[in-house]
Amino acid sequence: MASVADLKEKHAAATASVNSLRERLRQRRQLLLDTDVERYSKAQGRTAVSFNQTDLVCCRTLQGHSGKVYSLDWTPEKNWIVSASQDGRLIVWNALTSQKTHAIKLHCPWVMTCAFAPNGQSVACGGLDSACSIFNLNSQVDRDGNMPVSRILTGHKGYVSSCQYVPDQETRLITGSGDQTCVLWDVTTGQRISIFGGEFPSGHTADVLSLSINPLNTNMFVSGSCDTTVRLWDLRIASRAVRTYHGHEGDINSVKFFPDGQRFGTGSDDGTCRLFDMRTGHQLQVYNREPDRNDNELPIVTSIAFSISGRLLFAGYSNGDCYVWDTLLAEVVLNLGTLQNSHDGRISCLGLSSDGSALCTGSWDKNLKIWAFSGHRKIV
């Protein structure tokens, strides 16, 4: 029978072998990559999108939270936004009028994520209570003005960091968790349909922080993790990840599918955004900013979103910046953090309206802001 020392030695040797193979694979992939999106676009004579400070303006500030805003989501159809805050409340806003339509007091104030159902009639949220709570916005409030929970999805063994409804399916929802797994739920019954990761060797090896469902093939979704990888999953094959994507050197805080469903973007603690090809696994582009003048460290990327065409990448940073990147030229065409009425704190979340006409940002300054494209300019 092998001793503990022998087992440790074998484990160390196996780990070294895996790391060596991974490095050889990375080098092999690098040799196959003859260019990136930026160099190819410049070779084709493409020029960056032209922006000035009046093309994208802050038209509304949504005030009402008394704590840091952590998450937001737009309805797929109507101009409603739901936001989650450290004050322990979900607020549903009319983005056109800035009016609050619902203020939902949560049983657990430590909320980290929120999402609208596809029909806009329900909202989901999750956080440090390791559960995902569903609220039907048509429910009657009680005597104290509180809305009852219509369903609580329990089963995760760690905090719920992210949640998203499967598009066009009111009864299917995916959550990501600090227990290193993602789960597909039946909202109607509260039962887990599939678990992605965990005991399976192809799963994440650290907390899952973000997820994004493919808009053109809703059977596929990606998850970003503290293990610095993104993994692609198929709802029909829960037992193993379809592919693993490497490149980042820090926690991956945000993942978002490109509009064509063939690529996806990421934002990380390493201060970079990256664009990956879903099919080949190749990293197509790095969106890398310069360190702040007074600090050698890069601000971390907290949240990302693409414009309707994918030509623009919106990235929120921990220092209050919100960069608008030209995805083809890898150039910053605008920084919302330098504009009038910008946020006073960390940008924690952001999202684009379904028609692409407005961007909403949420911050630790307790406010949300709606940025609209002014005049003749339309989102590209």
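**View 1. Asp-207 sits in the loop between strand S13 (191–197) and strand S14 (208–213).** The model shown is predicted. Asp-207 is partly exposed, because its relative accessible area of 23% falls between the limits of under 20% for buried and over 50% for exposed. Its side chain makes a polar contact with the side chain of Tyr-159, at 2.5 Å. Tyr-159 is also one of the residues that Asp-207 touches beyond four places in sequence. The others are Ser-177, Gly-178, Gln-180, Gly-224, Ser-225 and Cys-226. Ser-71 lies 136 residues from Asp-207 in sequence; the C-alpha to C-alpha distance is 18 Å.

**View 2. An open sheet is built from 4 strands in the order S6-S7-S8-S9.** The pairing is antiparallel. Strand S6 (111–116) and strand S9 (151–154) form the edges. Each has a single partner strand, so one side of each has no neighbour in the sheet. From one strand to the next, the twist averages 20°.

**View 3. S6 pairs with strand S7 (residues 122–127) over 5 bridges.** The two strands run in the antiparallel sense. Phe-116 stands opposite Val-123 in S7.

**View 4. The largest nonpolar core holds 18 residues.** Phe-51, Leu-56, Phe-314, Val-324, Leu-336 and Leu-359 touch the most other members. Several strands give two or more residues to this core, including strand S1 (56–62), strand S23 (312–317) and strand S24 (322–326). Strand S25 (331–335), strand S26 (347–352) and strand S28 (368–373) do so too. Another core, of 15 residues, lies apart from it. Among its members are Leu-284, Val-301, Phe-306 and Trp-325.

Notes:
Residues numbered from 1 in each chain as written. Predicted model: local features only at pLDDT ≥ 70, side-chain atom pairs only at ≥ 80, totals over all residues. Heavy atoms only, no water. Pairing = 2+ DSSP bridges. Axes fitted to C-alpha atoms, helices over the stretch in contact; angles between N-to-C directions. Core = buried A, V, L, I, M, F, W, Y, C linked by side-chain atoms within 4.5 Å. Buried < 20%, exposed > 50% of the residue type's maximum accessible area, 1.4 Å probe, protein only. Contact = heavy atoms within 4.5 Å. Polar contact = N/O pair within 3.5 Å; in protein donor to acceptor, adjacent residues only side chain to side chain.
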